[in-house]
Amino acid sequence: MYRYDEFDHDFVKARTAEFADQVERRLAGEITEEQFRPLRLMNGVYLQLHAYMLRVAIPYGTLNSRQLRMLGHIARKYDKGYGHFTTRQNIQYNWPALSDIPAILADLASVEMHAIQTSGNCIRNVTADHFAGAAADEVADPRPYAEILRQWSTVHPEFSYLPRKFKIAVTGAERDRAAIQVHDIGLHLKKNAAGELGFAVYVGGGQGRTPIVAKKIRDFLPEEHLLSYTTAILRVYNLHGRRDNKYKARIKILVHETGVEELSRQVEAEWQELKDGELKLPEADVQAITAYFAPPAFVARPEGDEAVKQARLDSRGFSEWLAQNVTTHKHPDYAAVTISLKGIGEAPGDASDSQMEAVADIAEKYAFDELRVSHEQNLILPHVARADLKAVYDALVEIDLATANSGLISDIIACPGLDYCALANARAIPVAQEISRRFASLERQRDIGELKLKISGCINACGHHHVGHIGILGVEKKGTELYQVTLGGSADENTSIGEIVGRGFGPEEITDAIETVVETYLKVRLDRSEKFIDTYRRLGAAPFKEALYGSEAKAA
Amino acid sequence: MKILTANRLTDGEAVWFSTDHRWIESIEGSEIAADKAAEERLEAIGKAALDNNQVVDVNLIDIQLVDGEIRPLRLREQIRAAGPSNRTDLGKQARPEVSRAA
């Protein structure tokens with residue numbers, strides 16, 4: 001993985017010192033809250049309901065064991081013993097004192113981490129496929145390009161005060177696991193007929209109050225033009241994006257209002273000015289960055305097949321976990337492991353300090369010291385020898401992180417919601433917990449099959465409800481919580497926005513409503529091979545409306 | 001009826017302005033404004049506390065009295081007064097010496 005060079009170390013150190021000074025001056029009353037607020041946000045510090053919140057960047061979700069151990073240490077020393085992994089592959093701490101944040105940032109800097117650009121109207125943490133570098137189906141590891149984008153976008157003077165925040169995601173496989181079509185820019189790394197690397201470029205996707213699927217404006221952009229083309233898009237956005245209304249300030253609105261053809265024309269025109277200039281990536285630089293992401297030295301471990309076969313016979317739990325949480329690796333003797341942070345009845349994405357430390361130990365011992373955070377709020381061990389899978393499983397059982405539910409209905413994305421967030425209108429975590437408990441039976445979950453359930457506690461859609469096969473949006477109505485259900489959303493290569501199925505449900509009704517939707521699916525699916533999303537696409541909302549609202553639906 | 005709430009500058013702790021004119025960590029004991037004049041007085045106190053860098057995010061919130069105890073009308077403020085509803089081991093609800101609001 002990428003290692004800081006001298007410049008990076010100096011930069012992060014200087015920034016940490018600068019913010020420490022700003023905090024000191026704020027605490028001494030030398031600067032006002034109005035002056036301080038933008039400064040703290042630029043360093044990832046929010047104010048939530050109960051306390052400050054610190055959002056730490058995990059570039060493209062990649063971590064080593066030393067870094068994860070430090071995240072656990074921070075949770076224990078400065079917070080309340082846990083952290084929350086987010087849909088931007090970052091981690092949030094819910095309880096830090098402002099006066100402790102300089103010390104936290106210094107600890108983070110000691111392991112090459114920071115919280116810069118995790119807030120504000122700038123280019124946020126670039127996300128990537130969580131199986132990057134391991135996936136059997138990728139054409140190349142997308143992370144070197146995410147790292148190039150990170151370096152280019154960090155405190156970029158032209159793009160630090162955009163009309164609104166800006167999110168970029170990169171995937172290197174046809175199967176999109178990074179939700180690129182709901183990003184401001186989505187990049188799909190691919191090869192052309194000549195075997196050269198480049199990107200399909202998507203622009204103007206996003207969720208929030210106006211969910212829009214991104215438009216592809218280029219089918220193949222040669223890799224050396226990554227920065228020139230991205231700069232061209234950002235320039236057009238920076239110039240024409242709306243600053244008069246924050247709800248209309250994202251690039252998706254500009255694309256929508258301008259029209260994709262005209263916007264593409266503007267981007268291409270800007271790019272013509274830039275493409276052969278200093279932003280053209282030198283091959284040597286691309287290779288130098290790519291070298292940081294060289295795969296580990298995989299030694300042949302052919303004994304894995306026999307070991308896995310035996311372990312499956314010995315342990316039903318292992319067998320189920322293997323079927324659900326273990327993914328095919330590009331090397332036949334290895335596998336990628338999803339560590340579910342969605343234990344039955346647990347808060348999605350939360351991990352305790354001791355769990356983080358134990359997972360770091362497992363990664364160091366069995367996974368070449370590499371870890372990933374997925375946008376689905378799980379942790380990933382990208383490279384585990386199949387021969388070591390049982391040992392990894394046993395170690396995860398010890399720390400209650402062996403729930404075999406990856407991709408199933410209890411593998412829920414949920415934002416922090418009204419239990420923590422100052423923007424939320426309704427709770428999200430307790431809804432996720434109750435649904436998870438209702439569907440606790442793994443046998444039942446596996447019968448239901450792949451089902452992406454996503455919950456947001458407000459229209460900002462941090463819980464990605466618009467692209468859940470089943471989405472739940474919490475709103476406040478007459479002082480109480482109400483949950484709207486959407487169906488048919490998807491965040492993969494066939495991205496779609498879910499449709500509201502009908503009137504909302506109270507907190508005490510929502511789990512029953514979800515169960516009704518699921519039972520309806522089980523009744524109307526062709527067979528077990530037809531996934532929920534495929535059944536929905538075949539039949540539409542009608543059978544679900546009928547089941548949820550009965551004659552009321554017919555009358556409507 | 002309204003009370004005055006904010007978060008303490010140094011650590012972000014949710015606090016309320018009390019009948020004995022301090023910022024306290026419990027909603028119980030908050031000064032209640034029952035009329036417009038009292039609300040304006042609390043607002044002025046909040047602005048001064050913001051200007052003095054004691055607190056941030058100052059707000060007047062609606063409450064009612066339930067069996068003599070202060071209860072915010074909005075769920076958001078009920079959760080602020082108690083702590084995360086999914087983690088009753090955290091926040092003020094976990095510190096009965098601080099709060100009876102849970």
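## Cores, strands and interfaces in a predicted model

Student: Which residues does A:L389 touch, not counting residues up to four places away in sequence?

Tutor: In this predicted model, the neighbours of A:L389 are counted without residues up to four places away in sequence. What remains includes A:A335 and A:V384. The full set is A:V308, A:F318, A:W321, A:L322, A:V326, A:A335, A:V337 and A:V384.

Student: How many residues has the largest nonpolar core, and which helix gives the largest share of it?

Tutor: A:L389 is among the residues with the most contacts inside the largest nonpolar core, together with A:L71, A:F85, A:W321, A:L381 and A:L396. That core has 64 residues, and its largest share, seven residues, comes from helix 12 (residues 353-366) of chain A.

Student: Why does this core lie between two domains of chain A, and which are they?

Tutor: The domain assignment of chain A gives domain 1 (6-109), domain 2 (142-292), domain 3 (304-398) and domain 4 (413-555). Two of these domains both give residues to the largest core, so the core lies between them, and they are domain 1 and domain 3 of chain A.

Student: How many residues are in the second, separate core?

Tutor: The second core is separate from the one just described, and A:A140, A:I168, A:V203 and A:L281 are included in it. Its count of residues is 47.

Student: Which residues of strand 14 of chain A point one way, and which the other way?

Tutor: Strand 14 covers residues 370-373 of chain A, and the four residues named for it are buried whichever way they point. A:E370 and A:R372 point one way, while the other way is taken by A:L371 and A:V373.

Student: Which residues stand opposite A:E370 and A:R372 in the strands that pair with strand 14 of chain A?

Tutor: Strand 14 of chain A is joined to strand 3 (residues 62-64) of chain A by three bridges, and these two strands run antiparallel. With strand 15 (residues 379-385) of chain A, strand 14 of chain A pairs over two bridges, again in the antiparallel sense. A:E370 therefore needs no guesswork here: opposite A:E370 stands A:N64, and the bridge partner of A:R372 in strand 15 of chain A is A:I380.

Student: Where in the loop regions do A:Q89 and A:H464 lie, and are they buried or exposed?

Tutor: A:Q89, which has a positive phi near 65° without being a glycine, lies in the loop between strand 4 (82-85) and strand 5 (91-93) of chain A. A:H464, also not a glycine, has a positive phi of about 60° and is placed in the loop between strand 17 (453-456) and strand 18 (470-477) of chain A. With buried meaning under 20% relative accessible area, A:Q89 at 0% is buried, and A:H464 at 11% is buried.

Student: What area do domain 3 of chain A and domain 4 of chain A bury between them?

Tutor: The centres of these two domains, taken over C-alpha atoms, are separated by 28 Å, and 13 residues of domain 3 of chain A are in contact with 14 residues of domain 4 of chain A. Carbon and sulfur atoms hold 53% of the buried area, which is about 1,100 Å².

Student: What area is buried between chain A and chain B, and which residues of chain A lose the most?

Tutor: The contact draws 29 residues from chain A and 24 residues from chain B. The buried area is about 2,100 Å², with 56% given by carbon and sulfur atoms. Together accounting for 24% of what the chain A side buries, the residues that lose the most area to chain B are A:L47, A:L49 and A:H50.

Terms used: Residues numbered from 1 in each chain as written. Chains lettered and ligands numbered in written order. Predicted model: local features only at pLDDT ≥ 70, side-chain atom pairs only at ≥ 80, totals over all residues. Heavy atoms only, no water. Core = buried A, V, L, I, M, F, W, Y, C linked by side-chain atoms within 4.5 Å. Buried < 20%, exposed > 50% of the residue type's maximum accessible area, 1.4 Å probe, protein only. Domains from an automatic or database assignment. Contact = heavy atoms within 4.5 Å. Pairing = 2+ DSSP bridges. Buried area = accessible area lost by both parts, 1.4 Å probe.
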